[in-house]
Amino acid sequence: MNKQKRVMAIHDISCVGRCSLTVALPIISAAGHDCGVLPTAVLSTHTGGFTGFTYRDLTQDLNPISAHWQSLGLGFDAMYSGFLGSFEQIDLVAELFKTYKTNESIVLVDPVMADEGKLYAIYSPEMAKGMARLCAHADIIIPNITEACFMVDETYKHGPYDKAYIENLLKKLAALGPKQVVLTGVWFDDDKLGAAVYDAVQNKIEYVFASRIEGYFHGTGDVFGSALLSALLNGFTLADAAQVACDYVCESIRITIDLDQERRYGVAFERALPMFIKKLGLMA
Ligand code: PXL
């Protein structure tokens with residue numbers, strides 16, 4: 001059996017609504033790995049679709065937590081950042097990457113800040129500049145098209161897309177520094193939606209798709225990122241990991257629709273876990 005990998009998942013805790021750590025922890029754990037967390041903020045719910053949520057910024061806690069880990073001599077096989085609690089956390093997380101990065105580790109950055117052409121209400125445009133800076137420290141980044149456009153100063157378009165638009169974004173994203181880019185929310189026709197996978201070292205672009213289901217589903221970016229990292233830790237190539245993640249998100253959405261559940265509470269990724277585990281080759 002392959003050894004367990006240790007992950008540092010750097011996201012907020014949205015207590016209810018299935019995104020960030022309430023998604024990353026169960027998915028990465030189910031894939032067989034040791035998922036440590038560095039919580040960036042605690043919110044009563046996520047910010048999309050609820051009003052009146054509480055917000056505790058944990059910026060002051062990041063360095064003391066890391067200092068304790070260093071005193072224990074802890075190492076991490078992967079660091080996976082997502083929603084950050086403040087603008088100042090960008091530089092703190094970049095420092096953490098420098099502290100824990102090794103030749104074998106994976107640094108995965110999801111520059112969570114925007115969707116459907118708009119920044120999340122709590123963020124200002126300077127967040128996009130900061131996230132672009134953080135991406136320079138990553139091995140792999142996984143923006144959606146809105147986040148990509150904010151980071152490389154391109155005009156956001158609604159899909160369907162064409163290859164020229166997507167491939168221009170991929171090249172500009174790689175120019176920020178990461179060697180590999182997975183751009184999510186890519187679709188060229190009504191039937192299929194998925195991701196564009198760019199390896200800047202090999203200068204190779206691949207596409208992965210699953211069935212396209214109309215509508216907006218909260219938390220799917222976090223399900224995608226957690227599944228992608230899980231597959232990478234289980235030895236999949238980036239394109240194969242992106243395919244597994246795409247299939248898992250699609251199945252989670254399909255089940256959510258079948259169950260007729262309210263979408264702001266996130267997708268029923270729990271019910272699609274058996275399919276995910278099978279795709280990872282961990283179960284017959
Ligand atoms: O899924 C991204 C995300 C994570 N965390 C919080 C959010 C969102 C998206 O809206 O509000 C708090």
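In this predicted model, the buried residues of helix 5 pack against strand 8 (114-115), strand 9 (118-119), helix 4 (126-135), helix 6 and strand 11 (180-189). Helix 5 is mostly covered, with seven of its eight residues buried, and the notes below begin with this helix before turning to the nonpolar cores, to the loop that follows helix 5, and to backbone features elsewhere.

**Helix 5 and its contact with helix 6**

- The residues of helix 5 that count as buried are Ile145, Thr146, Glu147, Ala148, Cys149, Met151 and Val152, a list that holds a charged residue, Glu147, beside nonpolar ones such as Ile145 and Val152.
- The axes of helix 5 (residues 145-152) and helix 6 (residues 163-174) come within 10 Å of each other and cross at roughly 55°; this angle falls outside the 65 to 115 degree range for roughly perpendicular and is not under 35 degrees, and the two helices are therefore oblique to each other.
- The crossing of helix 5 and helix 6 is left-handed, and the contact is made by Ile145, Ala148, Cys149, Met151 and Val152 on the side of helix 5, with Tyr165, Ile166, Leu169, Lys172 and Leu173 contributed by helix 6.
- Sorted by class, this contact of helix 5 with helix 6 has nine nonpolar residues, one charged residue and no polar residues.

**Nonpolar cores**

- The largest nonpolar core has 49 residues, and those with the most contacts inside it are Val182, Leu228, Leu229, Tyr248 and Phe276; helix 8 (residues 238-258) gives the most to this core, with twelve residues.
- Apart from the largest core lies another one, of 48 residues, which includes Met79, Tyr100, Ala148 and Val181.
- In soluble globular proteins, nonpolar side chains tend to be buried together.
- When residues up to four places away in sequence are not counted, Leu228 touches Leu108, Ile142, Leu238, Ala241, Ala242 and Ala245.
- Ser252 lies in helix 8 and is buried, because its relative accessible area of 0% is under the 20% cut-off; leaving aside neighbours within four places in sequence, Ser252 is in contact with Val267, Ala268, Phe269 and Ala272.

**The loop between helix 5 and helix 6**

- His158 is found in the loop between helix 5 and helix 6, and this residue is exposed, because its relative accessible area of 60% is over the 50% cut-off.
- His158 and Glu116 are 42 residues apart in sequence, while their C-alpha atoms are 7.9 Å apart in space.
- Pro160 lies in the loop between helix 5 and helix 6, and the peptide bond that leads from Gly159 to Pro160 is cis, with omega near 5°.

**Positive phi values outside glycine**

- Asn203, found in the loop between strand 12 (192-199) and strand 13 (204-211), has phi near 50°, which is a positive value in a residue other than glycine.
- Asp260 has its place in the loop between helix 8 and helix 9 (273-279), and although Asp260 is not a glycine, its phi is positive at about 55°.
- At 70% relative accessibility, Asp260 counts as exposed.

Technical notes
Residues are numbered from 1 along each chain as its sequence is written. This is a predicted model: local features need pLDDT of at least 70, side-chain atom pairs count only at pLDDT 80 or more; totals for chains, interfaces and linings use all residues. Side-chain values use heavy atoms; hydrogens and water are left out. A nonpolar core is a set of buried Ala, Val, Leu, Ile, Met, Phe, Trp, Tyr and Cys residues joined through side-chain atoms within 4.5 Å. Buried means under 20% relative accessible area, exposed over 50%, partly exposed in between (1.4 Å probe, protein chains only). Helices (H or I, at least four residues) and strands (E, at least two) are DSSP runs, numbered from the N terminus. Contact means heavy atoms within 4.5 Å. Axes are lines fitted to C-alpha atoms, for helices over the stretch in contact, and angles run from 0 to 180 degrees between N-to-C directions. Angles under 35 degrees count as roughly parallel, over 145 as roughly antiparallel, 65 to 115 as roughly perpendicular and the rest as oblique. A crossing is left-handed if the near helix is turned anticlockwise from the far one by less than a right angle, and right-handed if clockwise.
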